[in-house]
Amino acid sequence: VNRTVAVSMLEKLGHEVDVAGDGQAALEALEYSSYDAVLMDCQMPRLDGYQATRELRRREGDGRRLPVIALTAHAMESDRRRCLAAGMDDYLSKPLRVEALRETLDRWLPPGPGAELDRELLAELGDEPELLADLVELWGQEAHDGLTQLARALEAGDAEAAERAAHKLKGASLGVGASGVGAVCEELERLAAQGDAAAASALAPRLEEAVQSAARELREEISRQAASA
Amino acid sequence: VRVLVVDDSAVVRRLVTARLEADGHEVAEASDGMEGLEAALADPPDLVVLDRSMPRMDGFEVCTRLRENPATADVAILMLTDSSGEQSLAEGIDRGADDFMSKPFSPRELSLRVQLLGTRRTAR
């Protein structure tokens, strides 16, 4: 019963899930496939969660450490310590709540595709794929111009012009749902407003990366929407 | 409702215009404060959607100038701010804006606010 609940919550959160019935089966699955995280029940037949995690950590050695999140029936401090001592990274107590599950996974999973997008706005634009395509095209042009202006301003040490360029790009990015880009712009704008051109310059490459990844994700979003329209 | 959208970002203008035209409003655009002021004075709309920060003339200044001129003193003004900070709210109210939305805004909410402001204005 618990397993079915956990699986349906994970799927609702957009994750792909494989199920193993006990610790031994989990270790076997981990041998054959690659995962981003393990939700490990502590109480299981054959090999329990603590033993399975210890064995997993032994096999990993100094290599990549897979995030293991314990599922425990108890929420006591001593249980938490026991989980961490076995090599687990985090723990969730039962009954599992979807909010807690989401928060915990967010801590341990790499940000997935689309994590930098404003889902609410894109959902609102969802029934108008052509409008979104238009907006993304306009934004691509504005982002290109904005990055150019920003680079020029930073090179000239003109913090005020850098602030204006970052501000404008922020507005355009928020309008198209590129909230990750908006956040970097805001930080850059703040630094430029403080006259800290050096710190603003240091942030410029990250802005460029954010623009590129948002452009990629927005294009994917358009094809998704077009496919479902 | 006849609406003038004043924002220096083409993305924001397109987003606002698309939504308001879909609602059946008549929409014109201007890409900075100066151009917006000139357009509003030349042909006063019922409502102006006005960005706060723009080159040449910012939204606050446009607001003041619109209120000063008898032709546009009664125009409804919805300001787009980039933070929900109290300071810009206070200054916007002081300059005569009627309503505010902070970016990012929901197009659906924009639609409702324009409807509310527009029907009040045209009823006068």
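**Exercise 1. Find the residue opposite B:Leu47, then work out how strand 3 and strand 4 of chain B are joined.**

Solution. Start at B:Leu47: the residue standing opposite is B:Ala76, in strand 4 of chain B. Keep in mind as you go that this is a predicted model. Next, widen the view to the two strands. Strand 3 and strand 4 (residues 76-81) of chain B run parallel and are joined by 5 bridges.

**Exercise 2. Follow strand 1 of chain B to its partners and say whether strand 1 is mostly covered.**

Solution. Take one partner at a time.

- Strand 1 pairs with strand 2 (residues 26-30) of chain B in the parallel sense, over 5 bridges. Within strand 2 of chain B, B:Val27 is the residue opposite B:Val3.
- Strand 1 also pairs with strand 3 (residues 47-51) of chain B, in the parallel sense and over 4 bridges. Here B:Leu4 has B:Val48 of strand 3 opposite.

Now look at the covering: strand 1 (residues 2-6) has 4 of its 5 residues buried, so by the cut-off of under 20% relative accessible area for each buried residue, the strand is mostly covered. Finally, trace the chain from strand 1 through helix 1 (residues 10-22) to strand 2 of chain B; together they make a right-handed β-α-β unit.

**Exercise 3. Put the strands of the chain B sheet in order and identify the edges.**

Solution. The open sheet has 5 strands in the order 2-1-3-4-5, with parallel pairing. Strand 2 and strand 5 (99-102) of chain B each have a single partner strand, so they stand at the edges, with one side of each left without a neighbour in the sheet. From one strand to the next, the twist averages 20°. To complete the picture, add helix 4 (residues 86-95) of chain B, which lies across strand 4 and strand 5 and runs at about 150° to strand 5.

**Exercise 4. Decide how two helix pairs of chain A are oriented: parallel or antiparallel?**

Solution. Begin with helix 9 (residues 179-193) and helix 10 (residues 197-228) of chain A, whose axes come within 9 Å and cross at roughly 165°. Angles over 145 degrees count as roughly antiparallel, and helix 9 and helix 10 of chain A are therefore roughly antiparallel to each other. Their crossing is left-handed. Residues making the contact include A:Leu188 and A:Leu191 of helix 9 and A:Leu203 and A:Leu207 of helix 10 of chain A.

Then turn to helix 2 (residues 23-32) and helix 3 (residues 49-60) of chain A: their axes come within 9 Å and cross at roughly 25°. Since angles under 35 degrees count as roughly parallel, helix 2 is roughly parallel to helix 3 of chain A. This crossing is right-handed. Among the contact residues are A:Leu27 and A:Leu30 of helix 2 and A:Leu56 and A:Arg59 of helix 3 of chain A.

**Exercise 5. Locate the cis peptide bonds at A:Pro95 and B:Pro104.**

Solution. In chain A, the cis bond joins A:Lys94 and A:Pro95, with omega about 0°. A:Pro95 sits in the loop between strand 3 (90-93) and helix 5 (98-108) of chain A. In chain B, the cis bond runs from B:Lys103 to B:Pro104, with omega near 0°. B:Pro104 belongs to the loop between strand 5 and helix 5 (107-123) of chain B.

**Exercise 6. Are A:Arg46 and B:Arg56 buried or exposed?**

Solution. Neither residue is a glycine, yet phi is positive: about 60° for A:Arg46 and about 65° for B:Arg56. A:Arg46 lies in the loop between strand 1 (38-41) and helix 3 of chain A, while B:Arg56 lies in the loop between strand 3 and helix 3 (59-68) of chain B. Exposed means over 50% relative accessible area. With 64%, A:Arg46 is exposed; with 61%, B:Arg56 is exposed.

Conventions: Residues numbered from 1 in each chain as written. Chains lettered and ligands numbered in written order. Predicted model: local features only at pLDDT ≥ 70, side-chain atom pairs only at ≥ 80, totals over all residues. Heavy atoms only, no water. Buried < 20%, exposed > 50% of the residue type's maximum accessible area, 1.4 Å probe, protein only. Pairing = 2+ DSSP bridges. Right-handed = clockwise from strand over helix to strand, strands pointing away. Axes fitted to C-alpha atoms, helices over the stretch in contact; angles between N-to-C directions. Parallel < 35°, antiparallel > 145°, perpendicular 65-115°, else oblique. Left-handed = near helix turned anticlockwise from the far one by under 90°. Contact = heavy atoms within 4.5 Å.
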